[in-house]
Amino acid sequence: MTISRRDLLRTGAIVAGGITFIPFSAFADGHDMHEFQTANGTVKVHPIGHASIVLETPEGVIYVDTVGDPAQYADLPKPDLILITHEHGDHYNAETLAALKSEDTPLITNPAVYDMLPENLTANATQIGNGGTTSFKAVNIDAIPAYNTTEERKNFHPEGRDNGYVLTVDGFRIYISGDTEDIPEMRALEDIDLAFVCMNLPFTMDANAAASAVAEFKPKVVYPYHYRGRDGGTQDPAEFAKLVGDAAKVKMGDWY
């Protein structure tokens, strides 16, 4: 087996951080190939860490919430598009973006992040707010609200500021939740083929709320992600899978 530079970096981080690791054998669907067919090709999912995702699509390579050591991305194709959901450090890092983004790379953010971009990241950067729509090549991009509804959590992600995204590629619809609770806008989603749904406390929601939302909007496939929290707020993805049951196929990614 070949060990990549990214694997070594991640393994080192796990050991150094003393993280409790749940073996993938405990998960509902294990850790198999992250590939999904569209009408004209394949979407490949590369879990990077916590909230960071790389998607290889027939229309190009899309980086989402790109943070961390740029070396984690060394074995992956360069980004054709970068999406940022909001300003928190586990979703937006200017130094990481500067290392990976060229002047020609489109960067799409929510308005709050756009307003704080340093000059070296403004080339080819645009903003889109809740309810807005834009496109990249033949990819349609809808900005979905992402916010807290629980009173004591509203300061983390106030309504109207942060984005989730729905990407439509060859008719294949991908939902990326960003940081949110199980809001009505999530529950009202339709025809989602692939979803990435966050869950951790105190910042987003617990596994019960995340599973309840998934059971309502019924994506074909869902990845639990962003599930490490503080002060006992880490959520168990295996419990999430159990709660989702037959409402969607649960896939597990190597996020940590």
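**Questions about a predicted fold**

Colleague: Let's start with one residue: does Ala-71 count as buried or exposed?
Modeller: Buried stands for under 20% relative accessible area, exposed for over 50% and partly exposed for anything in between, using a 1.4 Å probe and protein chains only. The relative accessible area of Ala-71 is 10%, so Ala-71 is buried.

Colleague: Before we go on, what kind of model is this?
Modeller: Residues are numbered from 1 along each chain as its sequence is written, and side-chain values use heavy atoms, with hydrogens and water left out. Local features need pLDDT of at least 70, side-chain atom pairs count only at pLDDT 80 or more, and totals for chains, interfaces and linings use all residues; this is a predicted model.

Colleague: Happy with that. How many helices and strands does the protein chain have?
Modeller: Both are DSSP runs numbered from the N terminus: helices are H or I with at least four residues, strands are E with at least two. Counted this way, the protein chain has 6 helices and 14 strands.

Colleague: And what share of the protein chain is buried?
Modeller: The chain has 256 residues. The buried ones make up 53%.

Colleague: Let's turn to the sheets. Which strands are at the edges of the open sheet that holds E1 to E7?
Modeller: Two strands pair if DSSP finds at least two bridges between them. This sheet of 7 strands has mixed pairing and the order E1-E2-E3-E4-E5-E6-E7. Each edge strand pairs on one side only, and these are E1 (35-37) and E7 (125-127).

Colleague: Inside that sheet, which residue in E5 stands opposite Val-64?
Modeller: E4 (residues 60-64) and E5 (residues 81-83) run parallel and are joined by 3 bridges. Opposite Val-64 in E5 stands Leu-83.

Colleague: What is the bridge partner of Leu-167 in E11?
Modeller: Another open sheet of 7 strands, again with mixed pairing, has the order E8-E9-E10-E11-E12-E13-E14. Within it, E10 (residues 162-169) pairs with E11 (residues 172-176) in the antiparallel sense over 5 bridges. The partner of Leu-167 is Ile-174.

Colleague: How does H5 run relative to E12?
Modeller: Contact means heavy atoms within 4.5 Å. Axes are lines fitted to C-alpha atoms, for helices over the stretch in contact, and angles between N-to-C directions run from 0 to 180 degrees. H5 lies across E11, E12 (194-198) and E13, and its angle to E12 is about 155°.

Colleague: Now the interior. Which residues touch the most other members of the largest nonpolar core?
Modeller: A nonpolar core is a set of buried Ala, Val, Leu, Ile, Met, Phe, Trp, Tyr and Cys residues joined through side-chain atoms within 4.5 Å. The largest one has 57 residues, and those touching the most other members are Leu-167, Phe-196 and Phe-240.

Colleague: Which helix gives this core its largest share?
Modeller: That share is 7 residues. They come from helix H5 (residues 207-217).

Colleague: What is the geometry of the aromatic pair of Tyr-223 and Trp-255?
Modeller: Rings of Phe, Tyr and Trp (its six-membered ring) pair if their centres lie within 6.5 Å, and planes under 30 degrees apart count as stacked, over 60 as edge-to-face and the rest as tilted. Tyr-223 and Trp-255 are both buried. Their centres are 6.4 Å apart and their planes are at 85°, making the pair edge-to-face.

Colleague: How far apart in sequence are the parts that this pair ties together?
Modeller: Tyr-223 lies in E13 (residues 221-225), while Trp-255 is in the segment after E14 (249-250). The pair therefore ties together parts whose separation in sequence is 32 residues.

Colleague: Last, some backbone details. Which peptide bond is cis, with omega near 5°?
Modeller: Most peptide bonds are trans. Pro-202 has its place in the loop between E12 and H5. The cis bond runs from Leu-201 to Pro-202.

Colleague: Asp-65 and Lys-218 both have positive phi without being glycine; which of them counts as exposed?
Modeller: Asp-65, in the loop between E4 and E5, has a phi of about 50° and counts as buried at 0% relative accessibility. Phi is near 50° for the residue in the loop between H5 and E13. At 51% relative accessibility, the exposed one is Lys-218.
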